[in-house]
Amino acid sequence: MKNRPRGERNRLAALTLVVLGPLVAELALGSTPVRMAWLLLLWLPIYGAGVLLIRELVRRFRGGWLSVILLGVAYELVEDGIALQALSSPHLYGAAGWAPRVLGLNSAYLEANLPYHVVFSVTVPILLTDLLFPRHRHVPYLGRTGLVVTGLCALAGVALLRVSVPPNQDPGYMAPPGVLLGCLVAVAVLAVIALGVLPRRAARPRTDARVPSARALAGGGFLATLAFMGLLFPFWGAAQPAFTHGLWVLLPMAAAAVVAVGTGLLVHHWSASSRWDDRQCLALAGGALIAHTVFGVVGVADTALDRAGLVVLGLLTAWLLLVLARRPPAAATG
């Protein structure tokens, strides 16, 4: 690696991020079964180019993790609100039956998938790539031409998703114009805040607060992820989250919101400490990664082959995380 020219190293990092996007978000959960892993080729434009575009924009505008998170929310609105139109569809994935619809949107589906995509489609792939290529974590991987090509690929990915999944699984449905316009406006507002407002804020002062050990963070990330997904994603034949019926679904939805918001606030507090470094970031992300694959084994995979594939993938993930953990830590920035 040390003998390679800088541009080549950056392109390798960019390619790594492009691959990690769909690998983490789709294959490692089992929503794309291991036996159908070839489908990742179809997801590379929206997942891979999408997360690379987010990282490139954040680095060019000198944003931090809050900017990444906001653009992750925008990513979810583009994928599920505009491309798949699953946020408003009364039929796709049975999501309309998970919980009462709010303003024409599938409320529980939105609550489940928004944090999921923010964490596993965007934040975790970017974090892992930064840890794999630490010398380039604060700079863009691509030049202007590469950025334009990435943006075009991401747009093509949105179009590809739109013409491939809904016509087969939800034929004839078209989201109301108000929903589509609302998603577009929300994406634009989130982009302005993430790239125009947040980067201009003064950096948070570092504190000397104590942070949990890497082992505690890994366990916390594991339990929080498993709890959140178990509360919101119907599994084992359940029609609603947490095997509820009717308005009782509001209880697991509220509990999942507490888990998500509480975890986010704790991480925001800990990451301001001068004691927070790569080791803590990796432990937290690693625990979450393993948990979401465990949930895939239990609640997503349909066949014994798919479950076995996820178990192997989970063990491989754990081994790679341990290899990364042996690297010398570096101070994290927010």
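Reader: Why is Asp 306 called buried?

Author: The word buried is for residues under 20% relative accessible area, exposed for those over 50%, and partly exposed for what falls in between (1.4 Å probe, protein chains only). Asp 306 has a relative accessible area of 4%, so it counts as buried. One thing to know up front: this is a predicted model, where local features need pLDDT of at least 70 and side-chain atom pairs count only at pLDDT 80 or more, while totals for chains, interfaces and linings use all residues. Residues are numbered from 1 along each chain as its sequence is written, and side-chain values use heavy atoms, with hydrogens and water left out.

Reader: What makes Arg 35 and Asp 306 a salt bridge?

Author: The rule asks for a side-chain nitrogen of Lys or Arg within 4 Å of a carboxyl oxygen of Asp or Glu. Here the N to O distance is 2.9 Å, and the pair passes. Arg 35 sits in the loop between helix H1 (6-27) and H2, and Asp 306 in helix H11 (residues 304-325), so the bridge ties together parts 271 residues apart in sequence. Helices, by the way, are DSSP runs (H or I, at least four residues), strands are too (E, at least two), and both are numbered from the N terminus. Arg 35 itself is partly exposed, at 43%.

Reader: Which residues are linked in a network of salt bridges?

Author: Arg 55, Glu 56, Arg 59 and Asp 130. Take two of the links: Arg 55 and Glu 56 have their closest N and O atoms 3.5 Å apart, and Asp 130 meets Arg 55 at 3.5 Å, N to O. Asp 130 is in helix H4 (residues 107-132) and Arg 55 in helix H2, so that second pair joins parts 75 residues apart in sequence. Arg 55 is buried at 0%, Glu 56 is buried at 0% too, and Asp 130 is buried at 4%. The whole structure holds six salt bridges.

Reader: How do you know which side of helix H7 Val 179, Cys 183, Val 187, Leu 190, Ala 194 and Leu 195 are on?

Author: Those six are buried. They cover an arc of only 105 degrees around the axis (taken from the directions from the helix axis to the C-beta atoms), which puts them on the same side of H7. They pack against helix H2 (40-60), helix H3 (65-83) and strand S2 (105-106), where contact means heavy atoms within 4.5 Å. On the other side of H7, Pro 177, Gly 178, Leu 181 and Val 192 are exposed.

Reader: Why does Leu 181 count as exposed?

Author: Its relative accessibility is 53%, so it counts as exposed.

Reader: What is unusual about phi in Arg 62?

Author: Most residues other than glycine have a negative phi. Arg 62 is not a glycine, yet its phi is positive, about 60 degrees. It lies in the loop between H2 and H3 and is exposed, with 72% relative accessible area. Leu 103 also has a positive phi, near 55 degrees, without being a glycine. Leu 103 lies in the loop between strand S1 (101-102) and S2, and is exposed at 82%.
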